[in-house]
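Please open the model in your viewer and keep a selection tool at hand. The stops below follow one another as a series of selections, each with a note on what to look for there.

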Amino acid sequence: MFSLKQPKPTFKSYLLPQADDNIASEPRIKKLEPVLLPGEIVVNEVNFVRKCIATDTSQYDLWGKLVCTNFKISFITDDLMPLQKFHYKNLLLGEHDVPLTCIEQIVTVNDTKRKQKVLGPNQKLKFNPTELIIYCKDFRIVRFRFDEAGPESAKKVCLAIAHYSQPTDLQLLFAFEYVGEIYHNPAKKVNGIDPGGGGSGIGSVSAQQTPLFETYSDWDREIKRTGASEWRVCSVNEGYMISTCLPEYFVVPSSLADQDLKLYSYSFIGRRMPVWSWNHPNGSALVRMANIKDVLQQRRIDQRICNAITRSHPLRSDVYKSDLDKCLPNIQEIQAAHIKLKQLCVNEPFDETEEKWLSSLENTHWLEYIRAFLKHSAELVYMMECKHVSVVLQEEEGRDLSCLAASLIQVMLDPYFRTIVGFQSLIQKEWVMAGYQFLDRCNHLKRSDKESPLFLMFLDCVWQLLEQYPAAFEFSEVYLTILYDSARISLFGTFLFNCPHQRVKESTEFAISKNIQLGDEKGLRFPCVWDWSLQFTSRDRLLFHNPLYIGKSTPSVHNGAPRTFKRSKKNYSSTLRGVPPALKNGVVGEQEFLPRRNSLILKLKPDFFQPAEGQSHSMEQYFRDWFAKPVDLHGVILPHLSGTQIKLWKLCYFRWVPEAQINHGGSITAFHRVSLLADEVDMLNRSLRQYKSNSSLQGHCSELDQSRMYFRANGLNDTSGTPDFLSSSFPFSPVGNLCRRSILGTPLSKFLSGAKIWLSTETLANED
């Protein structure tokens, strides 16, 4: 038998044992772990994954771990991102993270078998994937390789991403798990922000809180702000007793009694009776309403409603009704245009389509539809501003096209809605509380045939106005782009539901299932998107500010005390000196504003709104007179509709395309120089105030450290050059996002061409 005792050595070695030498030489592997939010859990992960960075070489690829959680897909690596000089950090998402609700398509590829498959929920994958391609709703394409990863682990993580990115129920979205965890463990609040805030986290963007229009007082303050003395806040829908797609409180004519409203509501589609949106200083009101479904009672009820609106006007002016279903493109046409635009910006390589790119852009009809909304809104501005009549926006359900048209009219007429807080309150009032179907239109559950990017089109229309009147808006195009991105993050209740009632109903059911005590609250309180400190630092939020913005008044100093100086129209126009001679007061002359008789906009639809001949002449004269005057940046602004002025929003649609990136170029270079100039002016004003008031040196230094600009001057007469990290996609970076080989003939190509292939369970083979 063998003895368990080791024999005594006969030779004494002065070298370390070989086994110990092997242990000492093994590299120490750092454990890569994702950063998780409250309620976020890891559902699957795979190691030794390669993220593709460039399209033509693998030398820049990153190695790390791919993780799928119930909120996002996250790629974790120790490698530094190559070629990237700047990254705009989101506090909720890592540099390589993609929210699950931002995923459009999931395609798995096997190079050996030359097969690929679009993954849906609860589907089987019969081959081991060697590559995973994620197509995102914001036009990104992210690609991962599994050459060194375990085949079964790679398959499981792909199936997990497909399953969790396509939930079958609203309560499976991450916001519910997050809020449930916060209610049970209040100490886990992210960045110290309570769920359900109304903009208290705006921080340096604005000290004013954004009204959510969930209470009687918010609506009452808006009535007083606009001077709508003949209108009242109605509480007949408290508890959503009348309509589940209207807010609990809304504004109606004072002459309409609650009993009449209850009676009339049965005649409207969705019981969406006419509701007030805004009042012009001349007394004209902007009203939204759904169609009347009771044909027999239609004329009588319509007359009663119009009479009540007329009595609410100080001049008892007539009511002008605009049938948006006849005047504007429908949601299906807008969705088709968006699909074509995505195909153009993502699917087609630039070098192959350069010669026909502009004609391809025109064929998408995206800019044509933007021009249609801007034109029709400008016509309704004329009716309210010049004709002094109240305008009623009528639509089948009153919760799609009317959201966009009503918002654009108010942006053109009211300078308050061109500030950050005002713009946020506008979205709350005309989109969130008015019952815009964010859940269906954004297709958060990936199974809606009602998807349509109306909210994106609204932001694009506002961007067009911002481009034409940069000094009239407090916010920048970065703010608009970030706002669009935030609609794809399944944490904020702002863009998660079809209506306020759905939030209350679904969250109450979830609270009961999780044993959460709501008390007097009406449903769970979800994080509000206006709490920007939840996503960005105070420093990064400075990029929301537009350095060209001219406020209502500018501070001046007289005898050591600040005073205000109101600008005249001459002062306003003088701020826009130095523009090209073709421009007149910041816009192109009136001869180009009015579309030609055979222009695209008049061919949009055969029954597109065309006023009577006499009224048309009056409208044209109004536009001519308006363009002939200096632009009042705090008055009415009207869009220019010529082909050269309606542009493609490059920062939003091209930011992930490396071929479209211009290093040290684009509008950001002007933004940078103007920011430095504005910061120098602010420094001079602060120094002058401190000098006049004889403040202490400590106070002087404290105030000089404050700045509202992201780019700051190092001192007066700063001559520093353009930072090396600036490009036309700033503050975003296309590096590692649109990393794809040609995808012509792939599932995305077929999908962008109109095929609903995400419902297919067939394996799609690559063409040789």
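Begin with helix H6, residues 295-311, and bear in mind throughout that this is a predicted model. Within H6, colour Ile301, Asp302, Ile305, Cys306, Ala308, Ile309 and Thr310, which are buried. To see what covers these buried residues of H6, add to the display strand S9 (231-234), strand S10 (250-253), helix H5 (258-265), strand S12 (285-290), strand S13 (319-323) and strand S14 (390-395), which are included in that cover. If you then place a distance between the first and last C-alpha of H6, which has 17 residues, the span is 25 Å, close to the 24 Å expected at 1.5 Å a residue.

Next, select helix H2, residues 151-164, whose 14 residues reach 20 Å from the first C-alpha to the last, close to the 20 Å expected at 1.5 Å a residue. The buried residues here are Ala154, Lys155, Val157, Cys158, Ala160, Ile161 and Ala162, and the elements against which the buried residues of H2 pack are S1, strand S2 (62-69), strand S3 (72-76), strand S5 (103-110) and strand S7 (131-136).

Stay in helix H2 and pick Tyr164. Is Tyr164 partly exposed or buried? Its relative accessible area is 36%, so Tyr164 counts as partly exposed. Leaving aside residues up to four places away in sequence, Tyr164 touches Val43, Thr69, Asn70 and Leu100. A further distance to draw runs from the C-alpha of Tyr164 to that of Gly120, which is 44 residues away along the chain, and the separation is 9.9 Å.

Now move to Leu37, in the loop between helix H1 (18-25) and strand S1 (42-51). Leu37 counts as buried because its relative accessibility is 12%, where the cut-off for buried is under 20%. Although their positions lie 144 residues apart along the chain, the C-alpha atoms of Leu37 and Glu181 are separated by 9.7 Å.

The next selection is a pair, helix H3 (residues 174-184) and helix H17 (residues 500-513), which pack at an angle of about 55° with their axes 11 Å apart. H3 and H17 are therefore oblique to each other, and their crossing is right-handed. Show side chains for Phe176, Glu177 and Gly180 in H3, which meet Glu506, Ser507 and Phe510 in H17. Sorted by class, the residues of this contact of H3 with H17 are two nonpolar, two polar and two charged.

A second pair to select is helix H12 (residues 401-413) with helix H13 (residues 420-432), for which the packing angle is about 150° and the axes are 9 Å apart. That angle makes H12 roughly antiparallel to H13, since angles over 145 degrees are counted in that way. H12 passes H13 in a right-handed crossing. On the H12 side the contact is made by Cys403, Leu404, Ala406, Ser407, Gln410 and Val411, and on the H13 side by Leu426, Lys429, Glu430 and Trp431. The contact of H12 with H13 comprises six nonpolar, two polar and two charged residues.

Finally, clear the selections and return to the whole protein, which has 24 helices and 19 strands. Of its 768 residues, 57% are buried. Among contacts between residues at least 6 apart in sequence, 74% join residues at least 24 apart.

Key:
Residues numbered from 1 in each chain as written. Predicted model: local features only at pLDDT ≥ 70, side-chain atom pairs only at ≥ 80, totals over all residues. Heavy atoms only, no water. Axes fitted to C-alpha atoms, helices over the stretch in contact; angles between N-to-C directions. Helix = DSSP H or I, 4+ residues; strand = E, 2+ residues; numbered from the N terminus. Parallel < 35°, antiparallel > 145°, perpendicular 65-115°, else oblique. Left-handed = near helix turned anticlockwise from the far one by under 90°. Contact = heavy atoms within 4.5 Å. Nonpolar A, V, L, I, M, F, W, Y, C, P; charged D, E, K, R; others polar. Expected span 1.5 Å × (residues − 1). Buried < 20%, exposed > 50% of the residue type's maximum accessible area, 1.4 Å probe, protein only.
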